[in-house]
Amino acid sequence: MEAQGSVCIQCGGKLDKFGRKLPVLQPDGYPVAILAADNIIIRGNKPDITQNEVLLIKRGKEHDPYKGMLAFPGGKVEYGEDPVVGCMRELKEECCLDVKPGTKPQLLGVYGDPARDKRAHIISVVYVVEVDEKAVPKAGDDAAEANFYVLGEILKKPEQLAFDQAKIWNDFIAKYKNCLLYTSD
């Protein structure tokens, strides 16, 4: 694949500067990025945040350049859907889990580097979400697996994380390293 202005040799569509097919142009003639909502779920409240468990899925969709890699539960926000609702829907679809009653997803950040995803320009709105401590995830939708992992162990091998998620974990740790994530009921 070549630089912006080039065309795909398979379909003839225009490519962006990263060699990805441009999305359908909007009526004003501009391509638009895709919006996604992702979930960070922590289990435990150890003082060293990296000793707590985090919920990740193993990507399992065929023809996905990130197949087999670990990622936050999440996905594309549907047209007309609030990103908060999208993050809760994706948690249900990919892990068969619901947000803990009485809690709301908390915004961690928005990640939009155009090169963060090989497939398209995808902007991710990342939320910190609380689920029931005893909840057991079950892989659904395009997730091959859904499991809890010790964060510190995951960060020792950042190459196993999809997209720019090692950077997002580092932002999470910087924000939450000196505070309790959840208080007991």
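Which side chain does Glu62 meet in a salt bridge? It is the side chain of Lys67, and you can find the pair in the fourth view below.

Before the views, a word on the model. This is a predicted model, where local features need pLDDT of at least 70 and side-chain atom pairs count only at pLDDT 80 or more, while totals for chains, interfaces and linings use all residues. Residues are numbered from 1 along each chain as its sequence is written, and side-chain values use heavy atoms, with hydrogens and water left out.

**View 1. The whole protein, with three helices and seven strands.** Helices (H or I, at least four residues) and strands (E, at least two) are DSSP runs, numbered from the N terminus. Starting at that end, the elements go β-β-β-β-α-β-β-β-α-α. The C-alpha trace spans about 55 × 35 × 30 Å along its principal axes. A compact globule of 185 residues would have a radius of gyration near 16 Å, and the protein agrees with its 17 Å; that radius is taken over C-alpha atoms, and the globule rule is 2.2 Å times the number of residues to the power 0.38. Of the 185 residues, 43% count as buried, where buried means under 20% relative accessible area, exposed over 50%, and partly exposed in between (1.4 Å probe, protein chains only). About 10,600 Å² of the protein is exposed, with carbon and sulfur atoms supplying 54% of that; these areas come from the Shrake-Rupley method with a 1.4 Å probe, and for residues only the protein chains shown count as cover. Take the contacts (heavy atoms within 4.5 Å) between residues at least 6 apart in sequence: 62% of them join residues at least 24 apart.

**View 2. Helix α3, residues 165–176.** This helix has twelve residues and reaches 16 Å from its first C-alpha to its last, close to the 16 Å expected at 1.5 Å a residue. The expected span is 1.5 Å times one less than the number of residues. Look for Gln165, Ile168, Trp169, Phe172, Ile173 and Tyr176, which are the buried residues of α3. They sit on the same side of α3 because they cover an arc of only 140° around the axis, the arc being that of the directions from the helix axis to the C-beta atoms. An α-helix has 3.6 residues a turn, so residues three or four places apart point the same way. What do the buried residues of α3 pack against? Their partners are the strands β1 (34–43), β2 (53–59), β3 (70–71), β5 (106–111) and β6 (122–129), plus the helix α2 (151–155).

**View 3. Helix α1, residues 83–95.** Here 13 residues reach 18 Å from first C-alpha to last, close to the 18 Å expected at 1.5 Å a residue. The buried residues of α1 are Gly86, Cys87, Arg89, Glu90, Leu91, Glu94 and Cys95. They pack against β1, β2, β4 (74–76), β6 and β7 (143–150).

**View 4. The salt bridge between Glu62 and Lys67.** A salt bridge is a side-chain nitrogen of Lys or Arg within 4 Å of a carboxyl oxygen of Asp or Glu, and a search of the whole structure finds 15 of them. In this one the N to O distance is 2.6 Å. Glu62 is exposed, at 52% relative accessible area, whereas Lys67 is partly exposed, at 40%.

**View 5. Arg89 and its salt-bridge partners, Glu81 and Glu90.** The bridge from Arg89 to Glu81 is 2.8 Å, N to O, and the one between Arg89 and Glu90 is 3.0 Å. Are these residues buried or exposed? Arg89 is buried at 16% relative accessibility, Glu81 is buried at 16%, and Glu90 is buried at 6%. Salt bridges that share partners join Glu78, Glu81, Arg89, Glu90 and Glu93 into one network.

**View 6. Three loop residues: Cys96, Gly112 and Phe163.** Cys96 is in the loop between α1 and β5. Its phi is near 55°, a positive value in a residue other than glycine, and it is partly exposed at 39% relative accessibility. Phe163, in the loop between α2 and α3, also isn't a glycine, yet has a positive phi of about 60°. Gly112 belongs to the loop between β5 and β6 and is partly exposed at 32%. Setting aside neighbours within four places in sequence, Gly112 is in contact with His121 and Ile123. The C-alpha atoms of Gly112 and Glu94 are 22 Å apart, with the two residues 18 apart along the chain.
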